[in-house]
There are 2 protein chains.
Amino acid sequence: MLDITTQLTTNPKEKPAVDALGFGNYFTDHMFILDYTEGIGWHDGRIIPYQPISLDPSAMIFHYGQSVFEGLKAYVTVDNDILLFRPERNFARLNHSNDRLCIPKIDEEYALEALKQLVNVDREWVPNAPGTSLYIRPFIIATEEHLGVHPAKNYKFIIIMSPSGSYYKEGINPVKILVEQQFVRAVKGGTGEAKTGGNYASALKGQEIADREGYSQTLWLDGKENRYVEEVGSMNIFFKINGTVITPELNGSILPGITRDSMIQVLKSKNIPVEERRISIDEVVEAHHNGTLEEVFGTGTAAVISPVGELKYLEEKFTINKGEIGEVSQMLYDTLTGIQTGKVEDTFGWTIRL
Amino acid sequence: MLDITTQLTTNPKEKPAVDALGFGNYFTDHMFILDYTEGIGWHDGRIIPYQPISLDPSAMIFHYGQSVFEGLKAYVTVDNDILLFRPERNFARLNHSNDRLCIPKIDEEYALEALKQLVNVDREWVPNAPGTSLYIRPFIIATEEHLGVHPAKNYKFIIIMSPSGSYYKEGINPVKILVEQQFVRAVKGGTGEAKTGGNYASALKGQEIADREGYSQTLWLDGKENRYVEEVGSMNIFFKINGTVITPELNGSILPGITRDSMIQVLKSKNIPVEERRISIDEVVEAHHNGTLEEVFGTGTAAVISPVGELKYLEEKFTINKGEIGEVSQMLYDTLTGIQTGKVEDTFGWTIRL
Ligand SMILES: Cc1ncc(COP(=O)(O)O)c(C=O)c1O
Ligand SMILES: Cc1ncc(COP(=O)(O)O)c(C=O)c1O
């Protein structure tokens, strides 16, 4: 199983201009594939030229949504090394998602080794302009050719990679977010804490409403009481109220973000009070009304930090920190992106150098 | 758009023996495909030989679960005609699912025309042994090659067909079902009333638990209070209590089953009292304790009726109607399968003859 064969492309693609990158539009020259067959397990790990996947129309992924994925990044340092940020956490979370979706677990060490080899093969694809990175997408899909509803007998674990542009080309712009009232992303007992396609499909409708009203993201409340804050778009959320940073506790319906965990550790290391606990939208509104809501920000791999400048709940709109990025948000952004690109010393042991 | 081209296979497959059919294992010689391109709409409807689909690994269906599907059946009558059962309802429901999943709507009449042509091309594949049928699976998948989370710009609408065996080879055997306590299938505001992959992926874990305990299906309670009955496996559920047939009302988290709707109409036509309303698991338990729980059955395209012989809730097991199929269940089964196969007069206008 620990074998990985490599077949290099004979036809390398032209690399896109850094300004044209955007997010998730271009893919590198190679991909990694590992197959699962019931009775055999995971087998035939291979790096091959990036290419289409051919599946029978009855393949279960097309029907029953049995899929999981991950997202992480590789960065170029000033000395032209490549850094991976906490990749072992992504594979641990992938296995956690696998468990919820009844997908057989992968060997996390093997997956990490495969990832390292793949990034090495496509080293030239990691962009090095400020703010750019190589976005890495590991995912697993059910491929069994059968229409019965049951956990599939065959899967493919695939890693593809996409050079991505700077999220903040014109400086960090706080976003406007809309608290969703009608639709629900996830509920306790559902799949919210797993990174599986269905959660994202379910969230599209809220995003559509936010777009229509001129907001860039949806803030999701819990599915049971429609009262407790869960996440914002594809990010975890933090509130700084009266000097304390608060983020919803991991309750089963929230994705355990790796950026979230990293932020909590950075805050603790700087002796800034941080709490993981249930927080209702009423508490947030109340804090805004009494002037103690100091900062709001989302955290995730894509943007690292996304400060929230405006929040709309029911018919009320709140401007947060004058619509500017807050001090703590800025510090967290600088610290994390500094560690990720090798500019700030990694006292946490979070990076792997290739 | 109303054009459908047909390319016949030059290499027809051998048809499987009727006893080997099972469910969803074999596929006919042809399939229907219709493409969607943003700015153009749905286009290029075609019947082609059944064949693999080739997709870029970044195709959105592999990542964000944006997919919907349907399931219906074609039956052979005694005069060797083919009957479709309420197919227009499936395409209407598909569009309802499309709306929830932010997928562009299809033209329902066109889809029905495509289906008729496809079934005609593969007429020979509709099995005619008692209880057998041709299972039809229309589905839509997001095919845009992009890793951003947003409604896709490209889709494929596909219809495949699978000859399927008799569900009840050895007579109708009541099933044992387990009331799920820990996991949730759907919640109001989520995707429960849409027929989308994520709901089925989410339900696998409950099914795994049921299997382990020797039960064949999961009975799902509502996601908010864990108290009101929703569905059982891939079926709607009915309870006959003290002469009245009760089924959970369509509340946003339950799939609006076409069999469910048909059963309600048959019951009304026979003057059997039927109610669509909220029903708690406590009411069911109470009815069992006081001896008024007369019949329990699931309804769905696959089995038409699946009588429930045993129910387990918390630590208690209930045997229903001595573990036998009830009178009303049997009548409903006979009526519906009679109409579907042309043996009982279709006074409802539900069938389309090809
Ligand atoms: C729903 C959701 N919440 C939160 C996050 C943040 O997780 P991470 O910090 O690991 O990127 C993501 C993904 O990036 C997400 O998709
Ligand atoms: C979750 C679920 N509920 C109920 C049903 C029954 O619907 P229908 O009677 O239209 O087949 C199905 C599908 O067949 C289903 O998947």
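Mentor: A polar contact is a pair of N or O atoms within 3.5 Å. Keep that cut-off in hand. This model is predicted.

Trainee: What makes the approach of Lys195(A) to ligand 1 a polar contact?

Mentor: A side-chain N or O atom of Lys195(A) sits 3.0 Å from an oxygen atom of ligand 1. The limit is 3.5 Å, so the pair qualifies.

Trainee: Which distances apply to the side chains of Arg93(A) and Tyr200(A)?

Mentor: For Arg93(A), an N or O atom of the side chain is 2.9 Å from a ligand 1 oxygen. For Tyr200(A), the value is 2.4 Å, again to an oxygen of ligand 1. Both pairs lie within 3.5 Å, so both are polar contacts.

Trainee: How much of ligand 1 does the protein cover?

Mentor: On its own, ligand 1 has 380 Å² of accessible area, and the protein covers 95% of that.

Trainee: Which elements give two or more residues to the shell around ligand 1?

Mentor: In chain A they are strand 13 (235-241), helix 5 (258-269) and strand 16 (293-300).

Trainee: Which residues come nearest to ligand 1, and how many are around it?

Mentor: There are 16 around ligand 1, and the nearest are Tyr200(A), Glu231(A), Ile258(A), Thr259(A) and Thr301(A). By class, the shell holds 4 nonpolar, 8 polar and 4 charged residues.

Trainee: Turn to chain B. What makes Glu231(B) a polar contact of ligand 2?

Mentor: One polar side-chain atom of Glu231(B) is 2.4 Å from a nitrogen of ligand 2. That falls within 3.5 Å, so the name fits. Thr259(B) puts a polar side-chain atom 2.5 Å from a ligand 2 oxygen. For Thr301(B), the distance to an oxygen of ligand 2 is 2.6 Å. These two pass the 3.5 Å limit, so they count as well. The protein buries 95% of the 380 Å² that ligand 2 exposes when taken alone.

Trainee: Which residues are closest to ligand 2?

Mentor: Tyr200(B), Glu231(B), Ile258(B), Thr259(B) and Thr301(B), out of 16 that surround the ligand. Strand 13 (235-241), helix 5 (258-269) and strand 16 (293-300) of chain B each supply at least two shell residues.

Trainee: Why is the relation of chain A to chain B called a two-fold axis?

Mentor: A turn of 180° with a shift of 0.0 Å along the axis lays chain A on chain B, at an RMSD of 0.0 Å. That is what a two-fold axis does.

Trainee: How do you know that the copies meet through the same surface?

Mentor: Of the interface residues of chain A, 100% are interface residues in chain B too, so the surface is the same.

Trainee: What confidence does the predictor give the complex?

Mentor: The ipTM is 0.97 and the pTM is 0.98. Chain A has a mean pLDDT of 96, with 99% of its residues at 70 or more.

Notes: Residues are numbered from 1 along each chain as its sequence is written. Chains are lettered from A and ligands numbered from 1 in the order in which they are written. This is a predicted model: local features need pLDDT of at least 70, side-chain atom pairs count only at pLDDT 80 or more; totals for chains, interfaces and linings use all residues. Side-chain values use heavy atoms; hydrogens and water are left out. A residue is near a molecule or strand if one of its heavy atoms lies within 4 Å of it. A polar contact is a pair of N or O atoms within 3.5 Å; within protein, one must be able to donate a hydrogen and the other to accept it, and residues adjacent in sequence count only if both atoms are side-chain atoms. Accessible areas come from the Shrake-Rupley method with a 1.4 Å probe; for residues, only the protein chains shown count as cover. Helices (H or I, at least four residues) and strands (E, at least two) are DSSP runs, numbered from the N terminus. Ala, Val, Leu, Ile, Met, Phe, Trp, Tyr, Cys and Pro count as nonpolar, Asp, Glu, Lys and Arg as charged, and the others, Gly among them, as polar. Copies are superposed by least squares on the C-alpha atoms of residues with pLDDT of at least 70 in both. Contact means heavy atoms within 4.5 Å. pLDDT is the predictor's confidence in each residue, from 0 to 100.
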